[in-house]
Amino acid sequence: MGRTLFKKGDRGIAATYMSRKQALTKLQLSLKDFRRLCILKGIYPVEPHHKKKANKNNSSNKTYYLVKDIQFLTHEPLINKFRSFKIFVKRLRKAIGKKDQETSQRLRDNQPVFNLDHIVKERYPTFVDALRDVDDAISMCFLFATFPKSKNVKADLIQLCRRLTVEFIHYIVEAKALRKVFVSIKGIYYQAEIMGQQITWIVPHTFGYSRPTDVDFKIMVTFAQFYSTMLGFVNYKLYHSINLVYPPKLAVDCPSAELLEGEDDYSEFISALNLNLKSSVEKSMEEEEQIDEFPEGEDSDEMQTRKAEQEKIEKLKNLFKGCKIYLNREVPRESLLFVIRCLGGEVSYDKTLHVGATFDEDDESITHQIVDRPVLQKKFVNRAYVQPQWVYDSVNAGMLLNEKPYMPGAELPPHLSPFVEEKEGDYIPPEKLALLDLQKGFVANLVRTVESGDDSSDEEQPDQESDDESNTKKRKAESEDSLNKSKQMKVTTGVPDKMDPVKLAQKEAAEEKRLAIMAMPKKDKHLYDKIQFGQKRKKRENRKLEEKRKNYQKEQKRLKKEMMAS
């Protein structure tokens, strides 16, 4: 039999990849529609192992896709929708050019509309798959909810993102799923636990909007359209998992529900985030959550650890239970309200600022008032006045912290990130060590002042000096004894030295380690050297941070002395 002849590019790397120009020709789409389709379907460019072979020995720089991915796109129904929309635009322009109002209005009424439900179901076959990828969807929807209306970002998409984010926040409040929160320059990071999955998202600060010039909003809008569709599915499933009515409705016993007039007022009360939602089952039928009793067995230690973690979570869910907190108008109302309500607290604010206020500032049962001003005109004796950081630090600490360091006008302690988990050998700030001691029940303060840190270092120096003096005295005494003994030298029976068993074991272990390193193969020895280099570098970084901290404390102490002297 003769050998089968293949044309150039029929097999191998050239048949595995396809350039973007070839993909556009195969799908008969414009670059704009092709980019939208790839974003919606989750298909991205790839880098061939050998670009020259993938391009049939041509060294020109191109963007490549897998041939299988392009073949997968050929069966997508959205391609026909894109083509019908292109036809619609041509007919509408023609009608507007002819000033045919009747035809143009009829075309607008019959504008082709496409939905992305089938793509969401295709990319996320199970609900757990959607939860694992919902972080980006929530962050994108929160971002678009803060945008103003513009040419590329339509008002309908902004309102949809706002509604979906409010629904998601309501679920977190009702399920008490919040675990961590951190305020950064970029925004406020939240982490919640939903059905065993850790969901982390970011909410931008409410600053004045300035449109960036280096951002392609058309691509962002495509992502937002897909993510908003996905988040709608997720919200529906989450609401039904805890027996809440979807779309959300206010509870019947809500005192403000009688004041509602229309649909806009109703959505405004829901977006206030301070009113309970209607449940699909009666409260008497609901079973209270109880901590599971784990049977004692072979893995009893692991069971006890899980039980301790679950008890810690239950304690966090009721962190602000019994606290009645009033928010001043200058603080970030929505963020604080969300965090406090998630953990069992009651919140209110100025009723002239926003709807949904449940009690006034003059209420004598208020326990805390969140303020962000150094001076207050009116104060109540029976409540604590704290800055907003007290709420966030208490959540991350898992306990209500002392209000004194967070009083109005006070210099706030460092806001430590709960997402940083120090490993063995890492540098741990003294504030974090104090917090760990506080969580373990030790007598310690959250904030270690500069004076205490310096005093402790000063106290250590006399001890070291006294130790040095005692050592020198011992050495002198030993030398004198040795001189006296040398004068009375005589031959005696030898006595074997008694080796410390601990030091002997350490010496043997060090020798075994040295021999094992010498016997390592060259490949393993190179890896071992890299590990050792990384550990040494980490130690150098820790020493730099410790030195930086000492210099900072010295500078603070110097400035304080100058202020006291002046």
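**Exercise 1.** Which residues does Trp201 touch, not counting residues up to four places away in sequence?

*Solution.* The model is predicted, so local features need pLDDT of at least 70 and side-chain atom pairs pLDDT 80 or more, while totals for chains, interfaces and linings use all residues. Residues are numbered from 1 along each chain as its sequence is written, and side-chain values use heavy atoms, without hydrogens and water. Take contact as heavy atoms within 4.5 Å. The partners of Trp201 are then Asp135, Ile138, Ser139, Phe142, Phe168, Ile172, Ile188, Tyr189, Tyr190, Gln191, Ala192 and Phe338.

**Exercise 2.** Place Trp201 in the largest nonpolar core.

*Solution.* Such a core joins buried Ala, Val, Leu, Ile, Met, Phe, Trp, Tyr and Cys residues through side-chain atoms within 4.5 Å; buried means under 20% relative accessible area (1.4 Å probe, protein chains only). The largest core has 99 residues, and Trp201 is among those that touch the most other members, with Phe34, Phe144, Ile172, Phe320, Leu327 and Phe338. Helix α12 (residues 217–241) gives this core its largest share, eleven residues. Helices are DSSP runs (H or I, at least four residues), numbered from the N terminus.

**Exercise 3.** Classify the ring pair of Tyr239 and Tyr246.

*Solution.* Rings of Phe, Tyr and Trp (its six-membered ring) pair if their centres lie within 6.5 Å; planes under 30 degrees apart are stacked, over 60 edge-to-face, the rest tilted. The count is 14 aromatic pairs. For Tyr239 and Tyr246 the centres are 5.2 Å apart and the planes at 70 degrees, so this pair is edge-to-face. Both Tyr239 and Tyr246 are buried.

Key
Buried < 20%, exposed > 50% of the residue type's maximum accessible area, 1.4 Å probe, protein only. Helix = DSSP H or I, 4+ residues; strand = E, 2+ residues; numbered from the N terminus.
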